[in-house]
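This report covers the fold, the nonpolar core and the side-chain pairs of one protein chain. The sequence and the structure come first.

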Amino acid sequence: MMSILYRNLVLILILVGVTSCGYTLRGNLALNESIEEISVYSSRYSELTNSINILLTNNNIRTSGQKNPSNYRIQIFSESFNRRQLSVNLSGRVNEYEVIYSVEFNISPPSEIGKAENITLYRDYSFDENQVMGNTDREDSIKKEMISTAATLIINKLIAQTNSM
């Protein structure tokens, strides 16, 4: 009887400690609860806007591709991937590449105009000229990871902006 009471007391203390430190499950967004819809748009098709939309809708926030001045707005101005050589071997062939992903975006509060911001991400990978197909798959995987990371960073900026108001 005493061990059950002791176990329950320890469990309650752990739960109180975890919740009081601000712990949330991964993927949960701590957006201001008054936000019901966010406009996310770009002038052309963008995997980044799709990724942002998925993050928001998974957290029960409606998204719109229209510029609605009464909502928070995330506008993607431009995004680009570049690749450069990092190292070459003795025969002059590439050993490593670096993928660079640059995004210019804007987060605007309702009825306001935000300022343009930039995110630049860098990833490198080894290149094997004997496995060209594997290298292409690897680079595509790295690009998808970079898009996901950029979406998370933009959402984190949105969270910081909404919670400061």
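Which residue forms a salt bridge with Glu139, and how far apart are the closest N and O atoms? In this predicted model, the partner is Lys143, with the closest N and O atoms 3.5 Å apart. Glu139 and Lys143 both belong to helix α3, where a spacing of four residues puts about one helical turn between them. Lys143 is partly exposed, at 23% relative accessibility, whereas Glu139 is buried, at 11%.

**Salt bridges**

The structure contains six salt bridges. Glu139 takes part in another of them, with the side chain of Arg83, at 3.1 Å from N to O. Because Arg83 lies in strand β3 and Glu139 in helix α3, this pair ties together parts that are 56 residues apart in sequence. Arg83 has a relative accessibility of 45% and counts as partly exposed. Arg83, Glu139 and Lys143 are thus linked in a network of salt bridges.

A further salt bridge joins the side chains of Arg123 and Glu145, at 3.0 Å from N to O. Arg123 is in strand β5 and Glu145 in helix α3, so the pair connects parts that are 22 residues apart in sequence. Arg123 and Glu145 appear in the table below with other residues of the side-chain pairs.

| Residue | Relative accessible area | State |
|---|---|---|
| Arg123 | 23% | partly exposed |
| Glu145 | 40% | partly exposed |
| Phe81 | 28% | partly exposed |
| Tyr101 | 0% | buried |

**Fold and surface**

The protein chain has three helices and five strands. Read from the N terminus, the order is α-β-α-β-β-β-β-α. Of its 165 residues, 31% count as buried. Among contacts with a separation of 6 or more, 68% are between residues 24 or more positions apart. The exposed area of the chain is about 10,900 Å², and carbon and sulfur atoms supply 52% of it.

One nonpolar patch on the surface, of about 370 Å², is made by Tyr6, Val10, Ile14 and Val18. Ile14 sits in helix α1, which spans residues 2-20. With a relative accessibility of 48%, Ile14 is partly exposed; the cut-off for exposed is over 50%.

**Nonpolar core**

Which residues have the most contacts inside the largest nonpolar core? They are Ile38, Leu48, Ile52, Ile74 and Ile154, in a core of 29 residues. Two or more residues each come from β1 (37-42), α2 (47-57), β3 (72-88), β4 (94-108), β5 (116-126) and α3 (132-163). Helix α3 gives the largest share, nine residues.

Beyond its neighbours within four places in sequence, Ile154 contacts Leu48, Ile52, Ile74, Ile76, Val103, Phe105, Ile107 and Ile119.

**Aromatic pairs**

There are two aromatic pairs in the structure. Phe81 and Tyr101 are stacked, with 4.3 Å centre to centre and 15° between the planes. This pair links distant parts of the chain, since Phe81 is in strand β3 and Tyr101 in strand β4, 20 residues apart. Phe81 is partly exposed, at 28% relative accessible area, and Tyr101 is buried, at 0%.

The rings of Tyr97 and Tyr125 have centres 6.1 Å apart and planes at 35°, so this pair is tilted. Tyr97 belongs to strand β4 and Tyr125 to strand β5, with their positions 28 residues apart, and the pair links distant parts of the chain. Tyr97 and Tyr125 are both buried.

How values were computed
Residues numbered from 1 in each chain as written. Predicted model: local features only at pLDDT ≥ 70, side-chain atom pairs only at ≥ 80, totals over all residues. Heavy atoms only, no water. Buried < 20%, exposed > 50% of the residue type's maximum accessible area, 1.4 Å probe, protein only. Contact = heavy atoms within 4.5 Å. Areas by Shrake-Rupley, 256 points an atom, 1.4 Å probe, with all protein chains shown as cover. Patch = residues over 30% accessible without salt bridge, like charges linked within 9 Å, V, L, I, M, F, W, Y side chains within 5 Å. Salt bridge = Lys/Arg side-chain N within 4 Å of Asp/Glu carboxyl O. Core = buried A, V, L, I, M, F, W, Y, C linked by side-chain atoms within 4.5 Å. Phe/Tyr/Trp six-rings, centres within 6.5 Å; stacked < 30°, edge-to-face > 60°.
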